Amino acid sequence: MKKERIALGIFVLLAALCLVAYQFLSPKPADGTKEITVNVVHLAGEETSYTFTTQAEYLRQALEEQKLVSGSESEYGLWVQTVDGETANEANQEWWGYDVNGVRAEYGVDSQPVHDGDVFLFTLNVGW
């Protein structure tokens, strides 16, 4: 019984440490006006680019302000299904992915912070 209590205590302590680490290490949004660029690569290879200013702290808000994305809500936030008027066809295993400043995004659009000068590249991909 004593070993179980010690194990439970260690588990609770580790969980608390992980939560604190996440709070300190997760990227933070920037306050104020930011100029960002959103590039879109459509399935046919056509590319479009939008540069605009926003007060948004997170990418979803900035994209929705410009009416560049839509999708459905999931337990993880917005599942982006349409970008710049093109909708991914899930029956064909199409999906939208995005990069932030040339690096594959680690967060969904709901939790992706926006900073001045950021460049986002949305690409319509085929295949899981």
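How much accessible surface does the protein chain have, and what share of that surface belongs to carbon and sulfur atoms? Here are some notes to read alongside the structure, which is a predicted model.

1. **Surface and burial.** To take that opening question: the accessible surface of the protein chain is about 8,400 Å², and 57% of this belongs to carbon and sulfur atoms. As for the interior, 30% of the 128 residues count as buried.

2. **Overall make-up.** You will find two helices and eight strands in the protein chain. If you trace the sequence from its start, the elements come in the pattern α-β-β-α-β-β-β-β-β-β. Contacts across the sequence deserve a look too: among those between residues at least 6 apart, 52% join residues that are at least 24 apart.

3. **The five-strand sheet.** One open sheet has five strands in the order β2-β1-β8-β6-β7, and its pairing is mixed. At its edges stand β2 (47–54) and β7 (103–104); each has a single partner strand, so one side of each is left without a neighbour in the sheet. As a reminder, strands of a sheet pair through backbone hydrogen bonds, in either a parallel or an antiparallel way.

4. **The β1 and β8 pair.** Within this sheet, strand β1 (residues 34–41) runs parallel to β8, and five bridges join the two. If you would like a spot to zoom in on, Val38 stands opposite Phe120 in β8.

5. **Val119, a residue to click on.** Val119 lies in strand β8 (residues 119–126). Is this residue buried or exposed? The answer falls in between: Val119 has a relative accessible area of 32% and is partly exposed, because buried means under 20% and exposed means over 50%. Leaving aside residues up to four places away in sequence, Val119 touches Thr37, Asn39, Asp99, Val100 and Asn101. Tyr50 makes a useful reference point as well: Val119 and Tyr50 are 69 residues apart in sequence, while their C-alpha atoms are 9.8 Å apart in space.

6. **The three-strand sheet.** Another open sheet is formed by three strands in the order β3-β4-β5, with antiparallel pairing. Here the edge strands are β3 (69–74) and β5 (86–87), each of which pairs on one side only. Strand β4 (residues 77–83) pairs with β5 in the antiparallel sense over two bridges. For a residue-level view of these strands, look at Thr82, which stands opposite Thr87 in β5.

Technical notes. Residues numbered from 1 in each chain as written. Predicted model: local features only at pLDDT ≥ 70, side-chain atom pairs only at ≥ 80, totals over all residues. Heavy atoms only, no water. Pairing = 2+ DSSP bridges. Helix = DSSP H or I, 4+ residues; strand = E, 2+ residues; numbered from the N terminus. Buried < 20%, exposed > 50% of the residue type's maximum accessible area, 1.4 Å probe, protein only. Contact = heavy atoms within 4.5 Å. Areas by Shrake-Rupley, 256 points an atom, 1.4 Å probe, with all protein chains shown as cover.
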